[in-house]
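Biologist: Let's go through this model term by term. For each label, I want the value and the cut-off behind it.

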Amino acid sequence: MTNPSRATEKILIVDFGSQVTQLIARRVREAGVYCEIHPFNQVDAKSLETFAPRAIILSGGPSSVIEGQAPQAIPEIFDRKVPVLGICYGQQAMCQTLGGLVEPDEHREFGRADVNIESSCALFSDVWQVGGQEQVWMSHGDRVTKLPPGFSAVASSDGAPFAAIADDARNFYGLQFHPEVVHTPHGAALLRRFVRDVALCAGDWTMASFRTTEIAKVRAQVGSARVICGLSGGVDSAVAAKLVHEAIGNQLTCIFVDHGLLREGEAEEVVHTFRDRFNIPLIHVDASSLFLQKLDGVDDPEAKRKIIGGSFIDVFDAEATKLGGSDFLVQGTLYPDVIESVSFTGGPSVTIKSHHNVGGLPAHMKMDLVEPLRELFKDEVRDLGRELGLPEEIVGRHPFPGPGLAIRMPGTVSADKLSILRQADRIFIEEIRAAGLYDEIWQALAVLLPVRTVGVMGDARTYEYVCALRAVTSTDGMTADSYPFDHGFIANVATRIINQVQGINRVVYDVTSKPPGTIEWE
């Protein structure tokens with residue numbers, strides 16, 4: 001839902017279902033301009049008038065515009081006399097609506113490609129030079145074969161003669177490639193050029209302005225009602241709690257549900273930080289026995305998530321009742337959480353997996369949600385945390401999933417396996433910190449595999465678990481690469497784990513990127 005007070009200069013991103021639509025938003029915000037993503041089927045003349053965008057970006061998508069039921073770009077988008085940028089599917093939808101022609105392409109392009117810059121246009125100014133060649137990321141099966149009136153081709157590739165098109169008179173532009181992904185090196189500069197120079201946005205949207213407007217939004221949403229916040233000890237819940245506490249003070253009570261699935265020493269750290277350091281009202285509930293009982297014998301990862309989400313809310317209901325009732329529940333839900341569960345605003349993108357604080361909530365939940373971080377990426381949350389004055393040891397902490405170690409042990413969950421995994425995880429993180437690598441890594445974790453292997457320790461045969469180590473680099477969690485540790489480092493960590501953790505006799509390192517894998521194993 002649009003919040004007109006949040007920013008006077010707003011970019012509308014029309015979502016046609018691309019898995020990387022959120023990266024468009026990220027690039028726009030990096031340029032200091034506020035934006036919102038709306039699904040194509042919720043964009044009409046009335047919503048456009050209400051939102052009043054300074055410019056409109058049409059995202060990519062998995063469909064073919066020439067299919068009968070394919071999402072379309074409505075004519076009203078182009079009647080508003082504001083700049084429009086179509087990306088991949090968005091370019092094709094724009095051309096089809098404005099009188100061009102899109103056809104199936106016998107030479108599909110997926111992956112890196114080179115485009116030749118053939119003509120100048122306002123979008124390319126100070127970014128790409130005529131006569132040059134630039135690397136981009138393509139992902140299309142159809143292509144534009146006839147331009148609408150007023151457009152000209154400004155760049156081409158082997159598989160797309162209209163790789164970039166422009167109508168400078170109306171400030172309409174189309175790109176067959178994806179500028180939002182890191183594989184298009186100057187893509188972020190093109191998007192910045194569009195929102196700052198073509199759309200003439202000042203670029204003054206910051207975490208300071210987000211803090212001010214989000215505090216006002218929280219106050220308007222909850223009024224004088226009581227609010228509870230679930231703390232996990234991670235960055236997201238910490239920032240959400242601090243922001244909401246600034247908004248409503250002691251109307252907020254934080255409840256830390258210890259589900260027994262945390263890392264070593266984590267429960268004690270959470271209690272100390274929020275009670276003693278921030279002076280925020282905190283209730284500590286040790287529900288580890290309940291969660292372990294509920295998870296007993298469950299090995300399906302989706303079932304684990306839903307059980308944890310359901311039990312989490314059950315405990316919250318009980319604690320809220322003890323407090324005399326609560327109307328709202330604060331959650332640290334982020335953009336990537338939502339897009340991997342369902343499309344952020346109901347659009348057509350494909351579900352990857354559910355998240356405990358998005359897809360695992362039971363229907364009987366009695367509290368409305370307050371999700372002040374729902375529109376932010378992880379790095380934006382860290383910036384907001386610094387803006388709120390949170391210490392770096394919290395703000396810079398690696399992400400940790402709400403379901404905790406339950407989804408870092410494929411198969412069933414038990415107290416014994418949790419103890420083994422905690423020890424291995426602690427050793428891995430200790431070694432990363434000792435090597436000065438912690439801040440270079442987006443997320444590091446140990447996974448206890450449901451596999452036992454034969455080993456030899458001393459003169460005795462062992463038959464114990466395999467531990468997989470994973471560390472990735474990323475900027476937003478949407479894509480990630482494995483961290484290239486020196487072999488000696490991994491060998492040293494493996495030796496420590498095998499020597500010090502009874503129950504593990506083999507260690508492996510996961511080098512899978514995201515995609516095709518996810519960062520967590522479940």
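Biologist: Why is helix H1 (residues 21-30) described as largely enclosed by the rest of the structure?

Modeller: Nine of its ten residues are buried, so the label fits. Buried means under 20% relative accessible area, exposed means over 50%, and partly exposed lies in between (1.4 Å probe, protein chains only). The buried residues of H1 include Thr21, Leu23, Ile24 and Val28. Arg26, Arg27 and Arg29 are buried too. Helices here are DSSP runs (H or I, at least four residues), as are strands (E, at least two), numbered from the N terminus.

Biologist: What is this model, and what limits apply?

Modeller: It is a predicted model, where local features need pLDDT of at least 70, side-chain atom pairs count only at pLDDT 80 or more, and totals for chains, interfaces and linings use all residues. Residues are numbered from 1 along each chain as its sequence is written, and side-chain values use heavy atoms, with hydrogens and water left out.

Biologist: What covers the buried residues of helix H12 (residues 378-387)?

Modeller: The cover includes H1, helix H6 (207-222), helix H7 (235-248) and helix H13 (392-395). Among the buried residues of H12 are Val381, Arg382 and Leu384.

Biologist: Why does Phe210 count as buried?

Modeller: Its relative accessibility is 1%. The limit is under 20%, so Phe210 is buried. Phe210 sits in helix H6. Leaving out residues up to four places away in sequence, Phe210 touches Trp205, Pro372, Leu376 and Leu384. Contact means heavy atoms within 4.5 Å. Phe210 and Leu384 are 174 residues apart along the chain, yet their C-alpha atoms are separated by 8.2 Å.

Biologist: What makes Phe485 and Phe489 a stacked pair?

Modeller: The structure holds twelve aromatic pairs. In this one, the ring centres are 4.5 Å apart, with 15 degrees between the planes. Rings of Phe, Tyr and Trp (its six-membered ring) pair if their centres lie within 6.5 Å; planes under 30 degrees apart count as stacked, over 60 as edge-to-face and the rest as tilted. Both tests are met, so the pair is stacked.

Biologist: Which label goes to Phe485 with Tyr509?

Modeller: Edge-to-face: 5.6 Å centre to centre and 65 degrees between the planes. The pair links distant parts of the chain, 24 residues apart. Phe485 is in the loop between strand E17 (481-482) and helix H15 (487-500), and Tyr509 is in strand E18 (residues 504-509). Ring pairs link Phe428, Tyr483, Phe485, Phe489 and Tyr509 into a cluster.

Biologist: Are Phe485 and Tyr509 buried or exposed?

Modeller: Phe485 is at 12% relative accessible area, so it is buried. Tyr509 is at 22%, so it counts as partly exposed.

Biologist: How do you know that Arg263 has its charge over a ring?

Modeller: A charge sits over a ring if NZ of Lys or CZ of Arg is within 6 Å of the ring centre and within 35 degrees of the ring normal. The charged end of Arg263 sits over the ring of Phe400, 3.9 Å from its centre. Arg433 lies over the face of Tyr438, at 3.8 Å from the ring centre.

Biologist: How do helices H14 (residues 415-434) and H15 pack, and which values say what?

Modeller: Their axes come within 10 Å and cross at roughly 145 degrees. Axes are lines fitted to C-alpha atoms, for helices over the stretch in contact, and angles run from 0 to 180 degrees between N-to-C directions. Among the residues that meet are Ala424, Ile427 and Phe428 in H14, and Phe489, Val493 and Ile497 in H15.

Biologist: What is unusual about Ala52 and Leu200?

Modeller: Most residues other than glycine have a negative phi, and most peptide bonds are trans. Ala52 has a positive phi of about 50 degrees, though not a glycine. Leu200, also not a glycine, has a positive phi of about 60 degrees. At 39% relative accessibility, Ala52 is partly exposed. Leu200, at 60%, is exposed.

Biologist: Which peptide bonds are cis?

Modeller: Lys514 to Pro515 is cis, with omega near -15 degrees. Pro515 to Pro516 is cis, with omega near 15 degrees. Pro515 lies in the segment after E18, and Pro516 is in the segment after E18.
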